[in-house]
Amino acid sequence: MEAALRAGKPVFWQNPHRRPVAELRADMSGLLADIREAAARFSRFAPLLADLFPELRPTGGVIESQLLPLPESVGAGGGREPVFLKADHLLPVAGSVKARGGFHAVLAVTERLAMDAGLLAGPDADHRLLGEARSRAFFAGHTLSVGSTGNLGLSIGILGRALGFAVTVHMSHDARAWKKEKLREAGATVVEHAEDYAAACATARALAAADPANHFIDDENSRDLFLGYAVAGLRLPAQLRPLGIVVSPERPLCLHLPCGVGGAPGGIALGARLALGDGALAVFVEPTEAPCLLLGLATGRHEAVSIKDMGLSGRTIADGLAVPRPSGLVCRLVAPMVDGVCTVTDAAMADHVAAAWKRAALRLEPSAAAGLAGPAMVRAAGLPRLAGRTPSHIVWGTGGGMLPDEAFEEILAMGEGRG
Ligand SMILES: Cc1ncc(COP(=O)(O)O)c(C=O)c1O
């Protein structure tokens with residue numbers, strides 16, 4: 001495994017520390033209560049969100065995506081198992097999975113500040129008050145800051161600015177130009193770093209520590225981010241029921257989750273396993289050049305590892321996954337929850353972007369298309385839990401809905417002729 005990882009070849013690591021949900025429930029009861037509270041927070045803010053963003057009016061401010069069946073030629077990787085795409089690339093407002101964690105983190109800061117300042121009498125007060133001039137003037141005196149490879153910054157920039165906050169986004173060298181432009185259009189300050197993601201985060205963290213009115217949303221260490229993603233897992237059973245998908249250890253459901261620092265896949269995996277039990281399997285998918293979570297979990301060294309220790313560059317077309325170190329908080333929470341972590345090459349991601357577009361008219365960015373490699377990798381890995389069983393699969397389409405035409409065409413050209 002180590003030689004293949006160093007050589008940038010695709011690998012599948014099976015997690016020997018995975019434990020049955022029944023053993024974890026007692027330890028996780030506090031966390032489950034916090035995930036439910038995050039879901040309640042989204043509900044409290046829904047009327048305000050519907051006021052702020054006209055596209056949310058049809059759902060009354062609820063931000064959710066559909067589960068779409070995928071044609072065999074896109075996700076099944078030569079197999080016959082049913083594959084669905086969780087269309088988070090079409091999540092309103094932010095166009096990526098970051099509309100879950102990123103938005104929740106912003107809403108948690110907003111609610112806390114508003115209650116401390118007496119703008120909200122309590123959590124059950126009408127949150128639409130926070131859209132009024134008095135509240136906006138108050139938020140204008142506060143800054144939200146974040147380090148981002150792109151999509152997290154976009155989610156925090158768009159929502160933060162809509163609420164009236166000043167927003168500063170520190171972006172690593174991997175961040176795409178169009179994401180920076182969209183942020184500037186929203187009125188956020190974009191600080192461009194010549195270094196990688198971990199370095200951009202470190203600078204942002206240090207600057208925020210020196211200013212009490214600067215609230216740093218720490219992607220490498222944020223429970224609020226994690227909780228926002230986890231809400232998606234809790235909502236899965238209600239989405240599976242109408243599709244006739246019943247999950248049990250005999251009828252397993254495999255989730256394929258693109259992974260950067262681990263917050264998005266970790267939160268979703270944990271929420272899904274708590275909601276669906278041991279029939280839910282979680283597989284994280286990372287670029288061959290940036291398998292930070294695989295290294296963190298496989299070595300048990302969590303955030304103390306870096307992909308650079310393996311001589312890997314971190315350079316990948318999957319900008320959202322171009323991360324050298326995993327989140328330690330996530331590693332500790334998900335170590336018993338994950339079934340495996342696999343890696344995928346840039347060439348394969350480009351192929352999957354092209355195939356998803358040509359055969360299913362899906363506009364995915366490479367980070368999101370990474371998950372499409374999962375079903376075939378799982379089959380080849382021969383997980384004991386799946387022996388003699390036919391799993392269903394959900395590939396989490398984590399982003400791409402906002403890709404401008406030129407950026408999308410550039411990516412398509414990389415997979416051209418092969419998709
Ligand atoms: C499109 C997309 N997918 C997946 C991820 C991974 O999320 P995380 O870094 O929380 O693991 C990101 C992160 O930015 C992303 O932008």
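This is a short exchange about helix packing and internal spaces in a predicted model.

Colleague: What makes α9 and α10 oblique to each other?

Modeller: The axes of α9 (residues 223-240) and α10 (residues 263-276) cross at roughly 40°. Angles under 35 degrees count as roughly parallel, and 65 to 115 as roughly perpendicular. The crossing falls in neither range, so α9 and α10 are oblique.

Colleague: Within what distance do the axes of α9 and α10 come, and which hand has the crossing?

Modeller: The axes come within 7 Å, and α9 passes α10 in a right-handed crossing. On the α9 side the contact includes Phe 226, Tyr 229, Gly 233 and Leu 240. The α10 side includes Gly 263, Gly 266, Gly 267, Ile 268 and Gly 271.

Colleague: How many residues of each class does the contact of α9 with α10 have?

Modeller: There are 14 nonpolar, 5 polar and no charged residues in the contact of α9 with α10. Gly counts as polar by the definition used, and Gly 233 of α9 is one of the contact residues.

Colleague: Why are α4 and α6 called oblique?

Modeller: Helix α4 (residues 98-116) and helix α6 (residues 151-163) have axes that come within 9 Å and cross at roughly 40°. Roughly parallel would need an angle under 35 degrees. The angle is not under that cut-off and lies outside the perpendicular range of 65 to 115, so α4 and α6 are oblique. The crossing of α4 with α6 is right-handed.

Colleague: Which residues make the contact of α4 with α6, and how do they divide by class?

Modeller: α4 brings Lys 98, Ala 99, Gly 102, Phe 103, Val 106, Leu 107 and Thr 110. From α6 come Asn 151, Leu 152, Ser 155, Ile 156, Leu 159, Gly 160 and Leu 163. By class that gives 8 nonpolar, 5 polar and 1 charged. Lys counts as charged, and Lys 98 is among the α4 residues of this contact.

Colleague: What makes α6 roughly parallel to α7?

Modeller: Their axes cross at roughly 10° and come within 9 Å. That angle is under 35 degrees, so α6 counts as roughly parallel to α7. Asn 151, Gly 153, Leu 154 and Gly 157 of α6 meet Trp 178, Lys 179, Lys 182 and Leu 183 of α7. The contact of α6 with α7 has 3 nonpolar, 3 polar and 2 charged residues.

Colleague: Which elements supply the lining of the largest pocket?

Modeller: α7 (177-185) and α16 (405-415) each supply at least two residues, and α7 gives the most, with 6. The pocket holds about 340 Å³ of space and is lined by 18 residues. Nearest its centre lie Arg 176, Ala 177, Trp 178, Ala 407 and Glu 410. The lining divides into 9 nonpolar, no polar and 9 charged residues.

Colleague: What makes a space a cavity, and how many does the search find?

Modeller: A 1.4 Å probe must fit inside but be unable to get out. The search of the whole structure finds 4 cavities of 30 Å³ or more. About 240 Å³ lies in the largest cavity, which is lined by 22 residues. Lys 98, Thr 149, Gly 260, Gly 320 and Leu 321 lie nearest its centre. α6 and α10 are the elements that give two or more residues to this lining, with α10 giving the most, 3 residues. By class the lining of the largest cavity has 9 nonpolar, 10 polar and 3 charged residues.

Notes: Residues are numbered from 1 along each chain as its sequence is written. This is a predicted model: local features need pLDDT of at least 70, side-chain atom pairs count only at pLDDT 80 or more; totals for chains, interfaces and linings use all residues. Side-chain values use heavy atoms; hydrogens and water are left out. Axes are lines fitted to C-alpha atoms, for helices over the stretch in contact, and angles run from 0 to 180 degrees between N-to-C directions. Helices (H or I, at least four residues) and strands (E, at least two) are DSSP runs, numbered from the N terminus. Angles under 35 degrees count as roughly parallel, over 145 as roughly antiparallel, 65 to 115 as roughly perpendicular and the rest as oblique. A crossing is left-handed if the near helix is turned anticlockwise from the far one by less than a right angle, and right-handed if clockwise. Contact means heavy atoms within 4.5 Å. On a 1 Å grid over the protein atoms alone, a cavity is a set of points where a 1.4 Å probe fits but cannot get out, and a pocket is an open set with protein on both sides within 12 Å along at least five of seven lines; lining residues have an atom within 4 Å of a point. Grid points are joined across faces, edges and corners, and a volume is the space filled by probe spheres set on the points.
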